[in-house]
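Colleague: Can you walk me through this one? I'd like to go residue by residue and then out to the packing.

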Amino acid sequence: MITANQLRAARALLNIDQRQTADLADLSVPTIQRMEASDGVIRANVDSLMKLVSALENAGIELINPGVPSTSGGRGVRLREHVANPKTKTTRQPKQSSLRAMERTR
């Protein structure tokens, strides 16, 4: 389980925005926005939650749930050591014809 606060904290640790989070998890931006607007534990379909949690873990985030050993207890997130920047999907470059058209308008 993941809370909206954990999701926002994970994004902050990774220094990524909602669009980049959506790209990482292969979800839509409105889905990420709805998840972050949740009160407490995120309510979403299981597939979306699994994609989100998996993407965060692959990016180096460790979710800390209640009852898990930690120095002060409670929920949280932690960035594992030695983690590279999360890899987001690359956007397609404009076609050459589009680049020429843009140059002509300048």
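Modeller: Sure, let's begin with a residue in helix H3, Ile 32. Keep in mind that this is a predicted model.

Colleague: Is Ile 32 buried or exposed, and at what relative accessibility?

Modeller: Buried means under 20% relative accessible area. Ile 32 falls below that cut-off, so it counts as buried, and its value is 0%.

Colleague: Which residues is Ile 32 in contact with, leaving aside neighbours within four places in sequence?

Modeller: One of them is Leu 7, which sits 25 residues away along the chain with a C-alpha separation of 9.1 Å from Ile 32. The full set for Ile 32 is Leu 7, Gln 18, Thr 21, Ala 22, Leu 27 and Leu 52.

Colleague: On to the largest nonpolar core: which element gives the largest share of it?

Modeller: That core has 20 residues, and those touching the most other members are Ile 2, Leu 7, Met 35, Ile 42, Leu 52, Leu 56 and Ile 61. Two or more residues come from each of helix H1 (4-14), helix H2 (18-25), helix H3 (29-37), helix H4 (46-58) and strand E1 (61-64). The largest share is five residues, and the element giving them is H4.

Colleague: Take Leu 56 then. Which residues does Leu 56 touch, not counting those up to four places away in sequence?

Modeller: Leu 56 is among the core members with the most partners in the core, as are Ile 2, Leu 7 and Ile 61. Those three are on its contact list too, and the whole list reads Ile 2, Leu 7, Ala 10, Leu 14 and Ile 61.

Colleague: How are H2 and H4 oriented relative to each other?

Modeller: Two packed helices are described by the angle between their axes and the distance between the axes. Here the axes of H2 and H4 come within 8 Å and cross at roughly 105 degrees. Angles of 65 to 115 degrees fall in one class, so H2 is, relative to H4, roughly perpendicular.

Colleague: And what kinds of residues make up the contact of H2 with H4?

Modeller: H2 brings Thr 21, Leu 24 and Ala 25, while H4 brings Lys 51, Leu 52 and Ala 55. Sorted by type, the residues of this contact are four nonpolar, one polar and one charged.

Colleague: Lys 51 has a charge to place. Which residue does Lys 51 form a salt bridge with?

Modeller: Lys 51 is partly exposed, with a relative accessible area of 31%, and its partner is partly exposed at 48%. The two are four residues apart in helix H4, so about one helical turn separates them. Their closest N and O atoms are 3.9 Å apart, and the partner is Asp 47.

Colleague: What about Arg 19: how far apart are the closest N and O atoms in its salt bridge with Asp 23?

Modeller: Both residues lie in helix H2, four residues apart, about one turn of the helix. Arg 19 is partly exposed at 42%, and Asp 23 is partly exposed at 22%. Their closest N and O atoms are separated by 3.3 Å.

Colleague: How many residues apart in sequence are the parts tied together by Glu 36 and Arg 11?

Modeller: The structure holds four salt bridges, and in this one the side chains of Glu 36 and Arg 11 meet at 2.5 Å, N to O. Glu 36 is buried, and so is Arg 11. Glu 36 belongs to helix H3 and Arg 11 to helix H1, so the parts tied together are 25 residues apart.

Colleague: Any odd backbone angles? What is phi of Asn 15 near?

Modeller: Asn 15 is in the loop between H1 and H2, and at 67% relative accessibility it counts as exposed. Its phi is positive although the residue is not glycine, with a value near 55 degrees.

Colleague: Where does Asp 26 lie?

Modeller: Asp 26 is another non-glycine residue with positive phi, near 55 degrees. Asp 26 is partly exposed at 46%, and its place is the loop between H2 and H3.

Colleague: Last one: which residues is Glu 62 in contact with, leaving aside neighbours within four places in sequence?

Modeller: Glu 62 lies in strand E1 and counts as partly exposed, at 31% relative accessibility. C-alpha to C-alpha, Glu 62 is 8.7 Å from Ala 10, with their positions 52 residues apart in sequence. The contacts of Glu 62 are Gly 76, Val 77, Arg 78 and Arg 80.

How values were computed. Residues numbered from 1 in each chain as written. Predicted model: local features only at pLDDT ≥ 70, side-chain atom pairs only at ≥ 80, totals over all residues. Heavy atoms only, no water. Core = buried A, V, L, I, M, F, W, Y, C linked by side-chain atoms within 4.5 Å. Buried < 20%, exposed > 50% of the residue type's maximum accessible area, 1.4 Å probe, protein only. Contact = heavy atoms within 4.5 Å. Axes fitted to C-alpha atoms, helices over the stretch in contact; angles between N-to-C directions. Parallel < 35°, antiparallel > 145°, perpendicular 65-115°, else oblique. Nonpolar A, V, L, I, M, F, W, Y, C, P; charged D, E, K, R; others polar.
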